[in-house]
Structure formats: structure tokens, C-alpha cells
Amino acid sequence: MAFHIPNRKSKKGITLLLVILITTSLMSIAMAVFNFVITELRISGELSDSFYAIQSADQGLEKMLYLDRVIGTRSESSVISDAISNGACYTTTITKSTVASTTITTIQSIGKYQCTAGSLRQSTRSLQTTYQ
């Protein structure tokens, strides 16, 4: 009676293939988690930049309101720009028009964060108000 001895070399190839497939799957999952975390970190950084930009736009709007309502600017159109110590800046424009003997004043303020020349990441926010 003859015994049949199985060929063990073919089983080693299947084991190697399974190890490669499992390793590839784990690497894919790790890359997806890494991509998600990096994206969330980038969004949270842009959120704080956005806060500084809207804060500078508000500062420009308040300054122009003060100049118009307290000091009394008389020109039809005026623009002011200023930089803030935290790296933000703003440009504010006031426009006055007369409709049926009523003066309508519009102020638009554009705030930016990271105003330095050559900045690749810059957040811009704008505020506008209109009053009589």
C-alpha cells in the first residue's frame, strides 16, 4: 500500500498571498484614516483663520461707521485700509447715494487673514451694512 504525501510547497504560496492581501487591506484602512485626520486638522486651522478675517472686517466696518456717524465724512465715496497686529488686514469702502432727497449710505468691509505677500493660504470674509 502506497501513501500519498501532499505537496507542502503549494500551501506556502497561498499563505504568502493571504498575508499580502491582509497587509494591503490594513494599509488602505490606515491611509484612509490618515487622510481623514489631516483633512479635519486643515479645516480646523481654516476655521481660526476665518475668525481672524471676520474680526478684521468687523473692525474696519466699526471704524468707518465711527468716521461717518461721529466725525461726519462728507464725501460720496471713501476707502480706508489698515493692517492689524495679528496678521489680518481690512479694506473698507463707504458709498453714499441720494434717492428722493434721502441719503443712503452703504459700507462694505473686506477682512483678510495672512495678508503677507506670497501667502498661499489666505482667508477672506466680508461684511456690509446699509442705512439712511
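**View 1. The salt bridge between K63 and D82 in the predicted model.** K63 is partly exposed, with a relative accessible area of 37%. In this predicted model, the side chain of K63 meets that of D82 in a salt bridge, with an N to O distance of 3.9 Å. The two partners belong to distant parts of the chain: K63 is in helix α1 and D82 in strand β1, 19 residues apart. D82 is likewise partly exposed, because its relative accessible area of 35% falls between the 20% limit for buried residues and the 50% limit for exposed ones. The structure holds 2 salt bridges; the pair of D68 and K96 is shown in the next view.

**View 2. The salt bridge between D68 and K96.** The side chains of D68 and K96 meet with an N to O distance of 2.8 Å. This pair also links distant parts of the chain, with D68 in helix α1, K96 in strand β2 and their positions 28 residues apart. Both D68 and K96 are buried.

**View 3. The surroundings of T105 in strand β3.** T105 lies in strand β3, which covers residues 102–113. Its relative accessible area is 4%, and T105 is therefore counted as buried, the limit being under 20%. Beyond residues up to four places away in sequence, T105 touches D68, I94, T95, K96, T129, T130 and Y131. Both partners of the salt bridge in View 2, D68 and K96, are thus among the residues that T105 touches.

**View 4. The largest nonpolar core and Y131.** Which residues form the largest nonpolar core? This core has 7 residues, namely L61, M64, I80, Y90, I94, I107 and Y131. Helix α1 (9–71) and strand β2 each supply at least two of them. Y131, a member of this core, touches L65, D68, R69, T103, I104, T105 and I107 when residues up to four places away in sequence are not counted. Among these contacts of Y131, I107 is itself a core residue.

**View 5. The hairpin of strands β1 and β2.** Strand β1 (residues 77–83) and strand β2 (residues 88–99) pair in the antiparallel sense over 7 bridges. Within this pairing, S78 stands opposite I94 in β2. I94 also belongs to the largest nonpolar core and is one of the residues touched by T105. The hairpin has 4 residues between the strands, and G87 takes a positive phi near 100° there.

**View 6. The disulfide between C89 and C115.** The structure holds 1 disulfide. This bond joins C89 to C115, with an S to S distance of 2.0 Å. C89 is in strand β2 and C115 in the loop between β3 and β4, so the pair, 26 residues apart, links distant parts of the chain. The torsion about the S-S bond is about -90°, and the disulfide is therefore left-handed. Are the two cysteines buried or partly exposed? C89 counts as buried at 17% relative accessibility, whereas C115 is partly exposed, with a relative accessible area of 27%.

**View 7. Loop residues with positive phi, S101 and Q114.** S101 is found in the loop between β2 and β3. Its phi is near 60°, a positive value in a residue other than glycine. S101 is exposed, with a relative accessible area of 73%. Q114 lies in the loop between β3 and β4, the loop that also holds C115. Phi of Q114 is near 65°, again a positive value in a residue other than glycine. Q114 is partly exposed, its relative accessible area being 24%.

**View 8. The surroundings of S123 in strand β4.** S123 is placed in strand β4, which covers residues 123–131. S123 is buried, with a relative accessible area of 10%. Leaving aside neighbours within four places in sequence, S123 is in contact with E46, D49, S50, A53, G111, K112 and Y113.

**View 9. The whole chain, for orientation.** The protein chain contains 1 helix and 4 strands, which run α-β-β-β-β from the N terminus on. Of its 132 residues, 19% are buried. Among contacts between residues at least 6 apart in sequence, 48% join residues at least 24 apart. The accessible surface comes to about 10000 Å², and carbon and sulfur atoms account for 62% of that area.

Terms used
Residues numbered from 1 in each chain as written. Predicted model: local features only at pLDDT ≥ 70, side-chain atom pairs only at ≥ 80, totals over all residues. Heavy atoms only, no water. Helix = DSSP H or I, 4+ residues; strand = E, 2+ residues; numbered from the N terminus. Buried < 20%, exposed > 50% of the residue type's maximum accessible area, 1.4 Å probe, protein only. Contact = heavy atoms within 4.5 Å. Pairing = 2+ DSSP bridges. Core = buried A, V, L, I, M, F, W, Y, C linked by side-chain atoms within 4.5 Å. Disulfide = S-S within 2.5 Å. Areas by Shrake-Rupley, 256 points an atom, 1.4 Å probe, with all protein chains shown as cover. Salt bridge = Lys/Arg side-chain N within 4 Å of Asp/Glu carboxyl O.
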